[in-house]
Each structure stands twice: as structure tokens, then as C-alpha cells.
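Here's a quick briefing to keep beside you while you turn the model around on screen. Take a look at the structure first, then work through the notes below.

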Amino acid sequence: MHTVWKGAISFGLVHVPVKMFSATEDKDISLRYIHKECGNPLSYVRKCPVCDKEVAWEEIGKGYEYEKGKFILFDKEELDQLTEESTKNITILDFVDLTEIDPMYFQKTYYLSPDQAGTNAYRLLMEAMRQTGKIGIAKISIRSKSSLAAIRVLEECLAIETIFYPDEIRPVSQVPNLPEAGTVNDKELDMAKLLIAQLSTAFEPAKYTDDYRQRMLDLISHKIAGEEFHIVPARQESNVIDLMAALQASIEAVQHIPTDPGPSPYDSKSTKPRKAASGSGGKKGTSKSKTDTAAPVITPKPKRRSAKSKETVS
């Protein structure tokens, strides 16, 4: 794992040297912009519209637009001074219950490991938090971005999750077209509660998959193999909703459908897409193979980042 940040956790007068590692990775499939005429990828150009020329990284500074078209500029040294003292320390302010934090506040998760001679203090903090059932609310600055954070025990590791400040959360009152308070139909409510009960289960994250990403990988594989095909379009749903009928049908369907979201649009023993079921209203999937070679298996590559945007050790 690549070290994202290096510093220490402090609570009271206790100092725990730690290293930080990203706990998640982006597996989205990156598509690049291509010039259709020649098939080459387009490049990102940093261009000044006034000087009408490309600008190198060393010529780029930072500024704040305080009025339309008016900026104040900052030197790198000025910005470094603002974060110099805060970038090396995770200061725990309070210990709270995890259930008190709305999931809306969470941003990104990192792992923390002990650094240098901090193993004993790390183990002490982890065990004390485990036995009290508390998590720590702290302040941290990563790449000049100040955040609140929640430190908690995850198996035999401390994890830290950056969270939004309260003034970064938009109030619900700004959401348009919310229904006014009122009563609901008792029979519909009973049916909805029954459906929720039948769909309720223990959370097992391993059973959920990114279906769009898998379909995209299938599409890439078949294109590399030189095949042309069409995926069966989904049936258009009616906007007219009979709640009772929909609830009843949902409850009946839950009793015989698997929890898996469904098969791939491609037959497991063939590189051709599955044919549309009769009565689906869509056109049958067709495939014109240009080669007998089986479609290769594609693994998504991690997104590439520019040197300026990479996570680096502070």
C-alpha cells in the first residue's frame, strides 16, 4: 500500500505515531476522449486564454476570485504556513458512539498503522476504544484540506474516516417538492411493512456487485474480439402506479426470485448476447462474429492520476 499521510494521533497527552493508507480504491472503468477522425486520444492542455499559449506547471500559481474577474494570488510558502502545524497531527477532540453520526457525514476511509516505536500506544488506544465501544472525533489535514474525522476499531486495525463539517451539509429544507405531512393508507402501509420484512436480512457486502462495470467489461471484451452486437433494451415501465397491485406483486415476486440482481446479458457458454425472452417487447439480441477467438477477460485498470493529484506523504 502507498503511504498517504504520516504523523501521529494525540488524545490527552498520549502520542501515537501512525502511517495512513487508503482503505478503498476506485474501480470505475475510465473511458478517454478520442478524436473520431484519427482514433487518437485527446490530451489535456493548460492554456491561458489571454496569452493564447500553453502554460507549464511551474508557471501556475493559486488565487481566489473575490469579485468577478478579480483575484488575489498566493505564494506556495504562504499556503504552506497555514497547514504546517496541522498536517502532522490527528487530534482527538471527543469520544462518541458511532450510532450518533448520520452516514451523510462520511467521506473516505483510511487505515492507520503504527509507525516507529508507536506499537504499544497504538495497541493501547485500539483496545481501550474496543472495550468502551467508543469512536474518536478528531481533526486532520490531508493535502492542505482540513477535515473532521472519525477514528474507530476495524478488526485489528484503527480506521479513520474523514467526515464533512456541519456547514458543508445542505439542509433538508432546500430540497424542492417534498410531500407535506399527512396520513397514508393503512392497508398500503401494512403491505409495505410486510414487503420490508420479507426483504430484511443481515448485511453481507460480498453479495453485492457492480453490474454496470461487469457489463462494461463484457462489452470491452467482445469489442476486442471483433464482434458487433446489440443488447436487448429494457422494457419501458408505465408511469401509472397502482400501489396495492405493485406491493402485492412485489411480495409474491420476493418469494421466488434469487437475491442476485440477474444474469449477464451474455450467455455463460457463448460470447453472444442472450436472446430476448418472448413477449418482452424488445428486439432480439444479434451477434455477428468476425473471429472464432474467444473474448478475452478484461480487468479494469486503476485510474491514472497526474503527478499533481497523487496522494503523497505530507
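Let's start on the outside of a helix: on α2, the face turned away from the buried side carries the exposed residues Asn120, Leu124, Gln131 and Thr132. Keep in mind that this is a predicted model. From α2 we'll step back to the whole protein, then look at a surface patch and one buried serine.

**Helix α2, both faces**
- Helix α2 covers residues 119–132, so to speak a run of 14 residues.
- From first C-alpha to last, α2 reaches 20 Å, close to the 20 Å expected at 1.5 Å a residue.
- On the buried side you'll find Tyr122, Leu125, Met126 and Met129.
- Look down the axis of α2 and these buried residues fall within an arc of 95 degrees, so they line one face of the helix.
- Right after α2 comes Gly133, and its phi is positive, near 70 degrees.

**The whole protein**
- Count up the secondary structure and you get five helices and 13 strands.
- The protein has 314 residues, and 22% of them are buried.
- Take the contacts between residues at least 6 apart in sequence: 65% of these join residues at least 24 apart.
- About 24100 Å² of the protein is exposed, with carbon and sulfur atoms supplying 54% of that area.

**A nonpolar patch on the surface**
- Four side chains to click on here are Tyr64, Tyr66, Ile72 and Phe74, which form a nonpolar patch on the surface.
- Together, the patch residues have about 410 Å² of accessible area.
- Two strands feed this patch, β5 (62–67) and β6 (70–74), and each supplies at least two of its residues.
- Tyr66 is the patch member to zoom in on: this tyrosine lies in strand β5.
- Is Tyr66 buried, partly exposed or exposed? With a relative accessible area of 45%, Tyr66 counts as partly exposed, because the partly exposed class sits between the 20% and 50% cut-offs.

**A buried serine**
- For a contrast in setting, go to Ser147, which lies in strand β10 (residues 145–154).
- Ser147 has a relative accessible area of 5%, so it falls in the buried class, which means under 20%.
- What does Ser147 touch, leaving aside residues up to four places away in sequence? Its contacts are Gln107, Ala138, Lys139, Ile140, Thr162, Ile163 and Tyr165.

Key:
Residues numbered from 1 in each chain as written. Predicted model: local features only at pLDDT ≥ 70, side-chain atom pairs only at ≥ 80, totals over all residues. Heavy atoms only, no water. Helix = DSSP H or I, 4+ residues; strand = E, 2+ residues; numbered from the N terminus. Buried < 20%, exposed > 50% of the residue type's maximum accessible area, 1.4 Å probe, protein only. Contact = heavy atoms within 4.5 Å. Areas by Shrake-Rupley, 256 points an atom, 1.4 Å probe, with all protein chains shown as cover. Expected span 1.5 Å × (residues − 1). Arc of directions from axis to C-beta. Patch = residues over 30% accessible without salt bridge, like charges linked within 9 Å, V, L, I, M, F, W, Y side chains within 5 Å.
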